[in-house]
Amino acid sequence: MEEIATSRCGRAMCVIVTYPKSGTSLLQEVVYLVSQGADPDEIGLMNIDEQLPVLEYPQPGLDIIKELTSPRLIKSHLPYRFLPSDLHNGDSKVIYMARNPKDLVVSYYQFHRSLRTMSYRGTFQEFCRRFMNDKLGYGSWFEHVQEFWEHRMDANVLFLKYEDMHRDLVTMVEQLARFLGVSCDKAQLESLTEHCHQLVDQCCNAEALPVGRGRVGLWKDIFTVSMNEKFDLVYKQKMGKCDLTFDFYL
């Protein structure tokens, strides 16, 4: 991580950053659609991960990422402090999306259970405790979101919330287009928004995603009263005086 944090990637770059299971896949498709004017059906046929490689993964690696055609779209789950100096200096852009932590931890648990490579067989209660104690792969969610929230007013940072994709997609598409420097008239904006609606609907379609990880309010199906009370207490303690708020249901 230190090599990534101190390196410069050069040329125009926009990094999509999330804590895992914050809607990364959906956001990357929406950003690609807005920035490239792509069609949702075209995105569905392509390997979007090849178009937006992960910064910290060994494949394809930093050397390949540096050679991508500018402007480059990249994604990452790294904390703000570990991102390339281009971002800290304001030379490149970052789009950060946060998701309410109750839905996130349920989605993260289901993700771990669904992959053979993870082989997680513990209970949700155990997994949730690991989350609250900052014992998951990318560290503390609480620190992750607060670091980026502190930089939300930086000119090169756009801070988004996953729930707003479901509540006010029009405004989010407008924000993305403006941030990415995409010029569009009212008709083009309406077309972009309609295409983005298709992507959101596909993400939350029960047949396409049996476990329903894309829903807002997913946590209510699995949290017990006592778990919810404990989670709220930990949330209040770890978020401290941070004024970041979330919609836990719509």
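**Close-up views of the predicted model**

**View A. Aspartate 221 and its salt-bridge partner, arginine 215.** Aspartate 221 has a relative accessible area of 57% and is therefore exposed, the cut-off for that class being over 50%. The model shown here and in the other views is predicted. Arginine 215, with a relative accessible area of 34%, is partly exposed. The two side chains meet in a salt bridge with an N to O distance of 2.6 Å. Elsewhere, Asp164, Arg167 and Asp247 are joined into one network by salt bridges that share partners. A search of the whole structure gives 7 salt bridges.

**View B. A salt bridge within helix α10, between arginine 167 and aspartate 164.** The helix covers residues 162-167, and the two residues sit 3 positions apart in it, about one turn. Their side chains come together at 2.7 Å, N to O. Which of the two is buried, and which is exposed? Arginine 167 is exposed, at 52% relative accessible area. Aspartate 164 has 18% relative accessibility and so counts as buried, the limit being under 20%.

**View C. Arginine 152 and aspartate 243, a salt bridge between distant parts of the chain.** The closest N and O atoms of this pair are 3.9 Å apart. Arginine 152 belongs to the loop between α9 and β4, while aspartate 243 lies in the segment that follows α13 (225-239); 91 residues separate the two. Arginine 152 is partly exposed, with a relative accessibility of 29%.

**View D. The open sheet of 4 strands.** The strands pair in parallel, and their order across the sheet is β2-β1-β3-β4. Strands β2 (72-76) and β4 (157-161) form the edges. Each of these edge strands has a single partner, so one of its sides has no neighbour in the sheet. On average, neighbouring strands are turned by 20° against each other, direction ignored. Strand β1 (residues 13-18) and strand β3 (residues 93-98) run parallel and are joined by 5 bridges. Threonine 18 has methionine 97 in β3 as its bridge partner.

**View E. Helices α9 and α11 against the sheet.** Helix α9 (residues 141-150) packs on the sheet and touches β1, β3 and β4. The direction of α9 makes about 135° with that of β3. Helix α11 (residues 169-180) lies across β1, β3 and β4. Relative to β4, helix α11 runs at about 165°.

**View F. The crossing of helices α7 and α13.** The axes of α7 (residues 101-114) and α13 come within 11 Å of each other and cross at roughly 115°. The crossing is right-handed. On the α7 side the residues that meet the other helix are Pro101, Lys102 and Val105. Their counterparts in α13 are Asn228, Phe231, Asp232 and Tyr235.

**View G. Cysteines 128 and 184 in a structure with 0 disulfides.** How accessible are these two cysteines? Cysteine 128 counts as buried, because its relative accessibility is 2%, against a limit of under 20%. Cysteine 184 is partly exposed, with a relative accessible area of 30%. The structure as a whole holds 0 disulfides.

Key. Residues numbered from 1 in each chain as written. Predicted model: local features only at pLDDT ≥ 70, side-chain atom pairs only at ≥ 80, totals over all residues. Heavy atoms only, no water. Pairing = 2+ DSSP bridges. Axes fitted to C-alpha atoms, helices over the stretch in contact; angles between N-to-C directions. Contact = heavy atoms within 4.5 Å. Salt bridge = Lys/Arg side-chain N within 4 Å of Asp/Glu carboxyl O. Buried < 20%, exposed > 50% of the residue type's maximum accessible area, 1.4 Å probe, protein only. Disulfide = S-S within 2.5 Å. Left-handed = near helix turned anticlockwise from the far one by under 90°.
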